[in-house]
Amino acid sequence: MTLFGGIEAGGTKFVCAVGTGPDDIRTETRFPTTTPDETLQQAIAFFRAHGELASIGIGSFGPVDPNPESPTFGYITSTPKPGWAHTNFVGAISTEFDIPIGFDTDVNAAALGEHRWGAAQGLETFIYLTVGTGIGGGAMVEGNLLHGVMHPEMGHTLLPHDQERDPFKGICPFHGNCLEGLASGPALEARWGARAETLPDDHPAWDLEATYLAYALVNYILIIAPQRLILGGGVMEQTQLFPLIRAKVHALLNSYVQVPEIINDIESYIIPPVLVKHSGVLGSIALAELAYQRGA
Ligand code: ADP
Ligand code: ZN
């Protein structure tokens, strides 16, 4: 039996698992993200305790360097998270385990997990967006996870911002009112003075939130032509957002894009993840499986 290890490395917590897929997770653990030394040692100890693995996949918070040709491949690069900038993540794991290591962003991993076992099965081009503490997007394009000069940074997309409707300046330390600055969980909390999960379903926050997310999705649709958009993360637990976003995407596209997936069936086009909170760690297991197949 070929067993894979997966690490979902988040800015607040790590989730590690051993298994082969959603119906076969042999063991799983989670622990807070502290210093790189302590946190990576905890991950290593967990995998050591769970037998022979064929490969390990890592889906990490970023920015990361996912380019195998680059001298800093496998690093968390310029993150503002204290202590974590320039951390050689793959190096730390591969000195302990002489097996293939898959490495990508947390959201590309989640996209891969949804492709392998969830909401994007059978598709070749789609986007997975998480709306949580930050906003991040992963993409598969024609069957490959998307990387270019870096990995996509869809959360920092710039959008129309009607300052009369929404005088809030935004909280992104780099751009102020980018998508993440206006629509992440912490942005909602800063604008409305209460944690997003405490705002009632009919609060005006949600129509505004749907407006920003719809602008972003329309841009992604026009640029990548995805076959589906999967929206996860804590903020998307507000399921009333889905119909609002779909209606606004329709209105913004204004019948310009004439494909049946969008025109006739937008309910199946903009959807929540199937693996729910497990997209990330299962995606990391899927990354491990890919690395194993490629012998990376
Ligand atoms: P992370 O992005 O840190 O991995 P989450 O995706 O859970 O974790 O995002 C956390 C953010 O989402 C917080 O800002 C929190 O206020 C917000 N959030 C979590 N649950 C909900 C909810 N049910 N409704 C609205 N916002 C939520
Ligand atoms: Zn930004």
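Two strands pair if DSSP finds at least two bridges between them, and strands themselves are DSSP runs of E at least two residues long, numbered from the N terminus. Keep that in mind as you click around. This is a predicted model, where local features need pLDDT of at least 70, side-chain atom pairs count only at pLDDT 80 or more, and totals for chains, interfaces and linings use all residues. Residues are numbered from 1 along each chain as its sequence is written, chains are lettered from A and ligands numbered from 1 in the order in which they are written, and side-chain values use heavy atoms, with hydrogens and water left out.

**Stop one: strand 4**

Select residues 55-60, which make up strand 4. Strand 4 pairs with strand 7 (residues 101-105) in the parallel sense, over five bridges. Now add residues 4-9: this is strand 1, also parallel to strand 4 and joined to it by six bridges. Click on S60 and you can go either way, as its bridge partner in strand 7 is T105, while A9 of strand 1 has S60 as its bridge partner in strand 4.

Is strand 4 enclosed or open? Six of its six residues are buried, so the rest of the structure largely encloses it. (Buried means under 20% relative accessible area, exposed over 50% and partly exposed in between, with a 1.4 Å probe and protein chains only.) In a regular strand, side chains alternate between the two faces of the sheet. Colour S55, G57 and G59 for one side and I56, I58 and S60 for the other, and you have both covered faces of strand 4.

**Stop two: the rings**

Next, show the aromatic side chains. Rings of Phe, Tyr and Trp (its six-membered ring) pair if their centres lie within 6.5 Å; planes under 30 degrees apart count as stacked, over 60 as edge-to-face and the rest as tilted. That rule gives nine aromatic pairs. Zoom in on F46 and F47, an edge-to-face pair with centres 5.2 Å apart and planes at 65 degrees. Both are buried: F46 has 9% relative accessibility and F47 has 0%.

Then select F14, F31, F61, F73, W84, F89 and F103, which form one aromatic cluster. Finish here with R48, whose charged end sits over the ring of F97, 4.8 Å from the centre. (For that, NZ of Lys or CZ of Arg must be within 6 Å of the ring centre and within 35 degrees of the ring normal.)

**Stop three: the five-stranded sheet**

Now find the open sheet of five strands, ordered 10-9-8-11-12 with mixed pairing. Its edges are strand 10 (144-145) and strand 12 (270-271); each has a single partner strand, so one side of each lacks a neighbour in the sheet. Strand 9 (residues 135-141) runs antiparallel to strand 10, joined by two bridges, and V141 stands opposite N144.

Pick T130 in strand 8 (residues 126-131). T130 is partly exposed, at 21% relative accessibility. Beyond its neighbours within four places in sequence, T130 is in contact (heavy atoms within 4.5 Å) with V107, I135, G136, G232 and G233.

**Last stop: the zinc**

Centre on ligand 2, a zinc ion. What coordinates the zinc ion? The donors are H156 (ND1), C172 (SG), H175 (ND1) and C178 (SG), at 2.1 to 2.3 Å. (Donors are N, O and S atoms within 2.8 Å of the metal, or 3.2 Å for Na, K and Ca; water is not among the atoms, so sites may look incomplete.) Along the chain, the donors are spaced H-x15-C-x2-H-x2-C. Check the two cysteines: C172 is buried at 7%, and C178 is buried at 0%.

Technical notes: Helix = DSSP H or I, 4+ residues; strand = E, 2+ residues; numbered from the N terminus.
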